[in-house]
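Visitor: Before we look at it together, could you show me the model and then explain how its labels are assigned?

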Amino acid sequence: MIHLPEAFCERMRGLLGDQYGEFIASYDRDRVQGLRLNGLKTAGPESSPRDLARKIEQEAGFELQPIPWVRDGFYYREEDRPGKHPYHEAGAYYIQEPSAMAVVELMDPVPGDRVLDLCAAPGGKTTHIASRLKGKGFLLSNEIHPARAKILSQNVERMGVQNAVVTNEAPERLAPRFQEFFDKIVVDAPCSGEGMFRKDPQAADQWSPDHVAMCAARQGDILDQAAGMLKPGGRMVYSTCTFAPEENEGTVLHFLERHPDFEVEAVEGYEGFDCGKPRWAGVDPETEPGGQLARTFRIFPHRLEGEGHYMAVLKKKGEAPETAEFWAGPRMAVRKQKELLKDFADFCRENLAEAEWLADQDSYVLFGDQLYLTPREMPEMAGLKVVRPGLHLGTLKKNRFEPSHALALALRPEQARISLRLKPQEGPVLRYLKGETLDLNSLEGGLTSNGAGKGWVLVCAGDYSLGWAKLTGQIFKNHYPKGLRWV
């Protein structure tokens, strides 16, 4: 039984009126569970997300139902436990609260966009954006808390994202470096979490009116920093998982007052979304900016199958300037490239069926002995706390290159000269995830060799890459990271 603060209940009773009974009754219902297919992994000949979902249903034994406001989102049954399935480790999907998926749908990123996710951990919206960018464009994912930034980086890796940089910075440190740089920005602001009380009862215990006021002030500061990083003509989506008007319509109202170069964009939402409530912010909806606040969105748990959420699509007035040229990071000196990258080039030639990695040598950067492929549009990042400067390719060791786990997760089975496709629910894939050695003689098929009889093997759960193994004779030496191994 969730204990709801009395002051919270009194406020919601006053705001919702006749709907309050339905609202409170929603806390007695089980919360819904959602997952979002990863377009970077599941792209293929299938004609629709529904077809892809059916494929996963058949192979994993799940029961998936479409979430109506997001094309790649599906409800799942709690007993399915998709977080405990090999497909989760392979990044085939991301487990995400259904209402939260609406944010990126409204932002609508397209391949080639420069996008900032300013408060990005644990990574649901970042990986959703990356799925839509399809490897084209630049994604900066930032998280101010170091431990959460590490989790964000791990999720970016698991989902096979190639064109994202993860930073651990305060917004005011980023703003001077990225003036009018981004086409689109997500500000999923830290909030009082009222919409998550059903999901996280402890949030209710920590709630207070003072906490709401503190969150509203902090949200305004974050939005002010984000505003300067958006190009004219760009789109910024502000979102919270709270019901508090001070943090929703109130925060947007005060932002518009401070930034007359912004307006709430009229975009189409799902028919079950509620409109913003200007009167809750003390504004007449028939006047400006009340009419703009009415173009924002609310999701209520008694009206839709999802937790509480608020979203506002903010457009910066004006036209975007022509894209400026930015120096693309601390690249390795050309004179040294061929020498330093020789072992990596040898690895690609011997172990990859497609060698497009070699075409982008101006995008490589070396940190110690760690080699990364940085996004082409990555600007100068010196002086910033960069957790992940792009796709981690691996380690340059003496006379050899050892590929990273991140590289494995970014590859498709057909991109490796040797791939081992294991059935997703049978013993061998579970043994691999536990770090055990596999014997070729004990496996029934699944091995595809494109002209190579030994070397690095891309181990897959079905069609989705899981990690590396090293084939010597009949034995697969396991290279699944020790910190990720199943117990």
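Guide: Let me begin with accessibility: buried means under 20% relative accessible area, exposed means over 50%, and partly exposed lies in between, with a 1.4 Å probe and protein chains only. This is a predicted model, in which local features need pLDDT of at least 70 and side-chain atom pairs count only at pLDDT 80 or more, while totals for chains, interfaces and linings use all residues. Residues are numbered from 1 along each chain as its sequence is written, and side-chain values use heavy atoms, with hydrogens and water left out.

Visitor: Why is C275 called partly exposed?

Guide: The relative accessible area of C275 is 45%, which lies between the two limits, and therefore C275 is called partly exposed.

Visitor: What makes C460 count as buried?

Guide: C460 has 0% relative accessibility, so it counts as buried.

Visitor: How do you know whether C460 is bonded or too far from the closest cysteine sulfur for a bond?

Guide: A disulfide is a pair of cysteine sulfur atoms within 2.5 Å; the closest cysteine sulfur to that of C460 belongs to C348 and is 17 Å away, so the distance is too far for a bond. A search of the whole structure finds 0 disulfides.

Visitor: Why is β1 described as largely enclosed by the rest of the structure?

Guide: β1 is a strand, that is, a DSSP run of E with at least two residues, numbered from the N terminus, and 5 of its 5 residues are buried, so β1 is largely enclosed. Both faces are covered, with Q33, L35 and L37 buried on one side and G34 and R36 on the other.

Terms used: Helices (H or I, at least four residues) and strands (E, at least two) are DSSP runs, numbered from the N terminus.
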